[in-house]
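Hello,

Here is the structure I promised to send over. Have a look at it first, and then read on for what turned up.

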Amino acid sequence: MSRREEYEHRAEKLLSPIVEEQGFELVDVEYVKEAGNWYLRGYIDKPGGITVNDCEAVSRVFSDRLDEEDFIEDSYVMEISSPGLDRPLKKEKDFARSVGKAVEIRTYRPIEKQKEFCGVLTAYDSNSVTIETEGKEQIFEKKEIALIRLAVEF
């Protein structure tokens, strides 16, 4: 397990009970470096969406817990936010919740000269994702997918 994965795992273990106590869902935790700074981000959600006050309430408690545990060696910025409308699908529960919804898929390499696909998620398993586009079914191996997220329709 890499240092980044270890930090994400430990942060998720600390954050999960805090989020659940507030009646929210923990969608994801990531530890990433952007523009020279490390960020520890927790993404939370609830039916009807997350407010700034929701994020603040979770952030205050989580910040205190992180200070107590003090397991991250680097200096970092901690953020709690909504995953957004176009959230990436990462976990099994994300895929389950998204069956029947429009998704966008980006692949690492072109498939039939195309790297971006959009369709309705009809099925998934541990190795593949199936979408339907214009009445045609298309199956992608998960290892081919660089990004899969909910499509935002206006």
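How many bridges join E6 to E7, and in which sense do the two strands run? Please keep in mind that this is a predicted model. There are six bridges between E6 and E7, and these strands run antiparallel. One place to see the pairing is Thr130, which stands opposite Ile139 in E7. Two residues lie between the strands in this hairpin, and there Glu134 takes a positive phi near 50 degrees.

On to the other partner of this pairing. Strand E5, residues 114-124, pairs with strand E6, residues 128-133, through four bridges, again in the antiparallel sense. Leu121 is found opposite Ile131 in E6. E5 and E6 also make a hairpin, with three residues between them.

Now for the whole sheet. It is open and built from five strands, in the order E7-E6-E5-E4-E8, with antiparallel pairing. E7 (136-141) and E8 (145-150) are the edge strands; each has a single partner strand, so one side of each is left without a neighbour in the sheet. On average, neighbouring strands of this sheet are turned by 40 degrees against each other, direction ignored.

One general point may help when you look at the side chains: in a regular strand they alternate between the two faces of the sheet.

Happy browsing, and best wishes

Key. Residues are numbered from 1 along each chain as its sequence is written. This is a predicted model: local features need pLDDT of at least 70, side-chain atom pairs count only at pLDDT 80 or more; totals for chains, interfaces and linings use all residues. Side-chain values use heavy atoms; hydrogens and water are left out. Two strands pair if DSSP finds at least two bridges between them. Axes are lines fitted to C-alpha atoms, for helices over the stretch in contact, and angles run from 0 to 180 degrees between N-to-C directions.
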